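Trainee: I'd like a close look at one part of this model, the charged side chains and whatever sits around them. Take it slowly, and give me the cut-offs as you go.

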Amino acid sequence: MNPTTYSTNDPSALPTVSVVVPVYNVERYLAQCLESLACQASCVQEIICVDDGSTDGSPQILDDAQARVPRLRVVHRANGGYGSAVNEGISLSSGTYVGIVEPDDFVTPACYKTLCQAAQAHGTPDIVKAAYWRVCEAGAPNEHVEPCFYLGKVRFANQPFTIYDDAELLLHHPSIWSAIYRRDFLQDNGISFVEAPGAGWTDNPFLMETMLAARSIVYLDEPLYHYREFSAALAGGLKDPCVIADRWLEMDDIVRRLNVSNEGVLEAHCSRGCSYLEMLLNDFDRSDPLVRSCIARMQERINPQDVKRFKRILPSYKAAYERSLPLAKRLAYRLSRG
């Protein structure tokens, strides 16, 4: 797929991007990530790598790259988690836009030039987002590449819109890294990452808050980013059920605080809640009191009538919601369903 190009009389007038890379123990893939960023157009003003207390060879790889790449800045610090590392990187940024790159991923050669040209062409919107390539079964013998699930599904491409016009982007992986965010937009709305231990799925509330607050989003229906999806065995699996429940509840807090009534947004949010209940049921022991507590906290917020009426919630997600209910509530849900 050929990148979109936008004409400009003055390439130096393109908005600038500060790319933030939170790094923790990714020595196998880090050099490729940094190389893909180093060859970006001059609109990438700086690459801010926050070494979040890595204990492998990542710090040395970062220091070597910093010596070779003038735009690259490295910050070494004690481990504080993904959200905290990204927040520190954003606080040090100075570009018109901020981009976030996972250290085990890489971007296409024209990624940020294409995003910045679109930003310039459409009046510096709050968010410019693209599709991405899924590197499936990354690191395994059967590694292969597929397009992301929302490619070709967002109704508004190459034109400004809001998430209230089309909530498609909320139905899929948060993919916050396939976008750039106007730095003033983040500051004016007080948007930052939840600072939780480890990776912590903190991209979830960031996705919700940025998308709901944005007055203008421009979507490019072409993959500009390569996202590695590791098998459960290689990734290690999620061990804390509270991560699933807490992040969805934080998203729900945002929806409620902003008094969102848009049906598309509510449908996408309800769908994600049901999908996360499915994870809690399938990947954890429901007899564990902590797991039961996570499920119960989510159930308090999910309206059963919404689960029944929304048509874009997958049948397996709806079935998971029903299975998650205590017996008496499950029977009542079945009766009310008709």
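**Charged pairs and their surroundings**

Mentor: Let's start with Asp306, which counts as buried because its relative accessible area is 17%; buried means under 20%, exposed over 50% and partly exposed in between, with a 1.4 Å probe and protein chains only. Before we go on, keep in mind that this is a predicted model, where local features need pLDDT of at least 70, side-chain atom pairs count only at pLDDT 80 or more, and totals for chains, interfaces and linings use all residues. Residues are numbered from 1 along each chain as its sequence is written, and side-chain values use heavy atoms, leaving out hydrogens and water.

Back to Asp306: its side chain meets that of Arg309 in a salt bridge, 3.0 Å from N to O (a side-chain nitrogen of Lys or Arg within 4 Å of a carboxyl oxygen of Asp or Glu). Both residues belong to helix H11, residues 304–309, and sit 3 residues apart, about one turn of the helix. Helices here are DSSP runs of H or I with at least four residues, strands are E runs of at least two, and both are numbered from the N terminus. Arg309 is partly exposed, since its relative accessibility is 40%.

That pair is local, but others reach further along the chain. Searching the whole structure turns up 15 salt bridges. In one of them, Arg257 pairs with Glu209, with the closest N and O atoms 3.0 Å apart. Here the two partners come from distant parts of the chain, 48 residues apart: Arg257 is in helix H8 (residues 241–257) and Glu209 in helix H6 (residues 203–213). Glu209 is at 15% relative accessibility, so it counts as buried. Elsewhere, Asp252, Asp253, Arg256 and Arg301 are joined in a network of salt bridges.

Now move to the pair of Glu322 and Arg334, whose side chains meet at 2.5 Å, N to O. Glu322 is in helix H12 and Arg334 in helix H13, so the salt bridge ties together parts that are 12 residues apart in sequence. Glu322 has a relative accessible area of 10%, so it is buried, while Arg334, at 40%, is partly exposed.

Between those two helices runs a loop, with H12 covering 315–324 and H13 covering 327–337, and Pro326 lies in it. Pro326 is partly exposed, since its relative accessibility comes to 41%. If you leave out residues up to four places away in sequence, Pro326 touches Arg286 and Gln299 (contact means heavy atoms within 4.5 Å). Its C-alpha atom is 9.2 Å from that of Ala296, 30 residues away along the chain.

So much for the pairs that form; which charged side chain is buried yet has no salt bridge? Look at Glu278: the nearest side chain of opposite charge is Arg323, and it is 5.1 Å away. For the charges, Lys and Arg count as positive and Asp and Glu as negative, with His and the chain ends not counted. Setting aside neighbours within four places in sequence, Glu278 is in contact with Ser316, Tyr317 and Ala320.

Glu278 sits in helix H9, which is mostly covered, with 15 of its 21 residues buried. The geometry of H9 checks out too: at 1.5 Å a residue, residues 263–283 should span 30 Å, and the end C-alpha atoms are indeed 30 Å apart (the expected span is 1.5 Å times one less than the number of residues).

For a contrast with the charged pairs, glance at the rings. The whole structure holds 13 aromatic pairs (rings of Phe, Tyr and Trp, its six-membered ring, with centres within 6.5 Å; planes under 30 degrees apart are stacked, over 60 edge-to-face and the rest tilted). Tyr132 and Tyr150 have ring centres 5.8 Å apart and planes at 65°, so they are edge-to-face. Tyr132 is in strand S6 (residues 127–136), and Tyr150 is 18 residues apart from it, in the loop between strands S7 (144–147) and S8 (160–161). Tyr150 is buried, since its relative accessible area is 0%. Tyr132 also pairs edge-to-face with Tyr227, at 6.0 Å between centres and 90° between planes. Tyr227 lies in strand S10 (residues 217–229), so this pair ties together parts 95 residues apart in sequence. Tyr132 and Tyr227 are both buried, and both belong to one aromatic cluster with Tyr150, Trp177, Tyr219 and Tyr225.
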